[in-house]
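Open your viewer and get a selection box ready. We will take one chain as a whole, then move to the place where it meets its partner.

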Amino acid sequence: MKFLVKEKRILNSKQIDELIDTLARRMLRKLAGGKSVALIGIKTRGAYLSKRLVDKLSKKLEVHHGTLDIILYRDDLNVLQEELTIGESDISFDLNGKTVVLVDDVLFTGRTVRAAIDQILDLGRPAVIYLAVLVDRGHRELPISPTFCGKKVETQRGDRVEVKLKEKDGVDEAYVISP
Amino acid sequence: MTEATLDLKIDRKRLEETLNALTKIGMTGKGSQRTAYTIKEMRAKEVLTHLLRRGGLEVRIDGVGNVFGRTRQGSGPVVMIGSHVDTVPEGGRFDGVVGVASGLEIARTICESGITLRHRIEICAFSAEESSRFGVGTIGSAVVAGELSAKDIEGLKDKHGHRLGEVLARLGRSHDVINSSKRDPSEFHAYLELHVEQGPVLESEGKKIGVVSAISASTRLRVRFLGRADHSGTTPMNLRKDALTAASELILAVERICKNEVKGVVGTVGSMNVSPNAMNVVPAIVELGIDIRSILAESKKAAASLVLQEAQQISKRRNIELEASIIKEDEPVTLNEEIVSLFEGICKSSGAPYRVMISGAGHDAMKMARITRSGMLFIPSKRGLSHNPDEWTDLNDVELGANCLLQAALRLAT
């Protein structure tokens, strides 16, 4: 028997550009006048996204940039089966007292964000942690909601949402893939 | 050395913050548990890479997960300041971490002072200094010193049967990557380490600094007496082959030999397995783990050989079979005399009460001493406690130790 995989494009390159612009505008509104702002992208695609946001924000706001590899903080980590990394997170500034915005491409169960928050709190004590995502696809398993959201997308629990970014995939696009 | 550099002091508050940031990971009430290559230990290294980057240092992780942070200024061979962040299970707050945190603080203090460095300063947290997981300690420093290769360590197993080779493979470390962690002696100008004493000598003498002149090494013996299991009620005393009474004789002999017969050694029977270990059975098999240490290779050898002779005599006298072997024999290490004198001079001029002493425990400095001139400072451990959650060292002593090491690093690196 053959299964049909349905693939639906939800964002094209132009739309992704516009969403990043919108996110940057909203962030500026909330963060303007604030000191010590830091955008921290969750690897892999959140890191690229956060870089693009930093490029836009830094024209109007002093903003630090860092990236986070959350592997050691995952709640389902099996040390003996997974590929692990040390030192792949790159935050070279003091997090204490900062206004931190975590950035990721897709918000789903919220578990990745929980891991990122725990990791951040091991590294320092920011004044506040916000969350910015390009796509919120729902199905949260933890009480987490985005502060800045590009687009809300209705999905089934079993769907996959894939964001492709030029830096990694050569193209800016997003898909919902249904089994 | 100018007056300015002699007056240079580390930032106590920042050092305390670094210590807290590292010991927060794997905190167990009063103590710490960051066993080598477990999530907790890796998270502590992750925190360390952040702190090193924040301190303006260049970060690098090698094939066995050793974490390095280098100053950008300076060139040529490095002055390395190292120790470890892994702990024994239910370990203390200070063992290892004090040296790494102080190293980072020293590097930051020097970088901020604007002093010109001739040599780069490189901070290191070595992997698996404690032997508690894989049965072998100072793995990270031994690989850097070229004493252990990927082949030597891949088969090491923990108590769950997990091989170190597999653990490192999860970290993306292939044989080639592990072996490339070996560094050439020409890359080093000197190695320095600050560590808690883990013994009672400094406190009992009212000293604040121990200048380590040598690090003792251990010879480890495994001795098995193979007697016979018999009914404890029906077997007359003269017809028994009691492995435990034989072992008891040897335990006392180890004490006698190391106390009275050979000078400059300490000996411990630290483990014993009795089989079948039942109250109504004459013990059939007893296995002893014996640890003999000294800074004198000859004395250690002499003591080990007397212990083995004694075991043979007991076995013959009691007509009980014996299996005895040396499972590990390390060479003691003498630390660099010039650095010892340098440390002494610094203690004298700063008025820090100190003594020159030997280290009874193994340290990363022991491995680094094989490839570069190395020096080590101890600071007091309250009641001599270590490998224990109650391990304690006063922050004033950590600060004093770090300032003495700072002066040594300045003299070596500028």
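Start by selecting chain B and colouring by secondary structure: 14 helices and 15 strands appear, counted as DSSP runs (H or I of at least four residues for helices, E of at least two for strands) numbered from the N terminus. Before going on, note that this is a predicted model, where local features need pLDDT of at least 70, side-chain atom pairs count only at pLDDT 80 or more, and totals for chains, interfaces and linings use all residues. Residues are numbered from 1 along each chain as its sequence is written, chains are lettered from A in the order in which they are written, and side-chain values use heavy atoms, without hydrogens and water.

Now show the C-alpha atoms of chain B, which fill a box of roughly 80 × 45 × 40 Å along the principal axes. Switch to colouring by accessibility next: 54% of the 414 residues in chain B are buried, that is, under 20% relative accessible area with a 1.4 Å probe, protein chains only.

Then bring in chain A. How many residues of chain B are in contact with chain A? Select 20 in chain B, touching 25 in chain A, with contact meaning heavy atoms within 4.5 Å. About 2,100 Å² is buried between the two chains, and carbon and sulfur atoms give 57% of that; buried area is the accessible area (1.4 Å probe) that two parts lose on being put together, summed over both. Finish by selecting E46(B), R53(B) and R170(B), which lose the most area to chain A within chain B, together 33% of what that side buries.

How values were computed: Buried means under 20% relative accessible area, exposed over 50%, partly exposed in between (1.4 Å probe, protein chains only).
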